[in-house]
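Visitor: Could you zoom in on a single part of this one for me? I'd like to hear how the helices and strands there fit together, and who touches whom.

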Amino acid sequence: MTGRVAVVSGASRGIGAAIICELAAAGYLTVGLHVRQTDSSEAVRDRIRAVDSRNELMVCDTTDRPRVAEVFARITETMGAVTDLVNCAGVTRDGPLALMPDANWDDVVRTNLTGTYNVTRQFVYPAMRNGFGVVTNISSISGVHGNAGQANYAAAKAGLDGFTRSLAKEVGRSGVRVNSVAPGFIDTDMTAGLTETQRKRVTASISLRRLGVPGDVASVVAFLHSAGAGYITGQTIVVDGGTRL
């Protein structure tokens, strides 16, 4: 992957961390974006720098549009043009819509959807001009099927899938591919709050009878960014172990 520079948002933990480590191992120069320094982000930085000392994590709230622009300018100056983008930054604020505080709706839509716009907006024109680029947006089966108590999250993730299809039609002729990956129940911080009873019920609804792990998603993302996926664009790839079949 000589010459490939990948930016991954939400890279300090969970699925985003698995993705950036997978891409670094595949030979991409990688830059992860995360909201704040934590023990987890330091561990991820150590892992990707062990592969290549140029790999980096940068503090960047993707909802902060001027900061996103500043970060992309710095990456381009120090590493070259960004060729690959994975939008993984996301939050949940679950609860029934009838009782949902306005802030919970706004936070989820701003981070999961508008944040993706902010980052992709910085990426897409240079990629079109250069005649090459790959984008993967991390969606969710909540956006495909809906999920009670997640009207805000499901709406934002369904919006990502529509964003993916529309952008793919806009930029395909310029050599840029855009897809989304919709994970099911993945064993991360977002599912850590499940009770044992809830975990058993969820597991029973999955054909493979297990929750996924971040690497299950990361390997699919790595494939979408490889030459083997060169004729795939505008798709939502569901990675859920056979949930809701």
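Guide: Here's a walk around helix α1 and its neighbours. Keep in mind that this is a predicted model.

Let's start with the core. The largest nonpolar core has 28 residues, and Ile19, Ile20, Leu23 and Val181 touch the most other members. Two or more residues apiece come from β1 (5–9), α1 (14–25), α2 and α8 (214–224). The biggest share belongs to α1, which puts in 8 residues. Take isoleucine 19: leaving aside residues up to four places away in sequence, its contacts are Val8, Val86, Cys88, Ile138, Ala218 and Val221. There's also a second, separate core, with 24 residues, among them Val5, Leu33, Phe72 and Leu85. As background, nonpolar side chains in soluble globular proteins tend to be buried together.

Now for how α1 sits against α2. Their axes come within 9 Å and cross at roughly 10 degrees. Angles under 35 degrees count as roughly parallel, so α1 and α2 are roughly parallel to each other. On the α1 side, the residues at this meeting are Ala17, Ile20, Cys21, Ala24 and Ala25, and they face Val44, Arg47, Ile48 and Val51 from α2. Ile20 thus turns up here as well as among the residues with the most core contacts.

From α2 you can step over to the strands. Strands β2 (residues 29–34) and β3 (residues 56–59) run parallel, joined by 4 bridges. To get from β2 to β3 the chain passes through α2 (residues 39–51), making a right-handed β-α-β crossover. Across that strand pair, glycine 32 stands opposite leucine 57 in β3.

Notes. Residues are numbered from 1 along each chain as its sequence is written. This is a predicted model: local features need pLDDT of at least 70, side-chain atom pairs count only at pLDDT 80 or more; totals for chains, interfaces and linings use all residues. Side-chain values use heavy atoms; hydrogens and water are left out. Two strands pair if DSSP finds at least two bridges between them. A crossover is right-handed if, with the strands pointing away from the viewer, the path from the first strand over the helix to the second runs clockwise. A nonpolar core is a set of buried Ala, Val, Leu, Ile, Met, Phe, Trp, Tyr and Cys residues joined through side-chain atoms within 4.5 Å. Buried means under 20% relative accessible area, exposed over 50%, partly exposed in between (1.4 Å probe, protein chains only). Contact means heavy atoms within 4.5 Å. Axes are lines fitted to C-alpha atoms, for helices over the stretch in contact, and angles run from 0 to 180 degrees between N-to-C directions. Angles under 35 degrees count as roughly parallel, over 145 as roughly antiparallel, 65 to 115 as roughly perpendicular and the rest as oblique.
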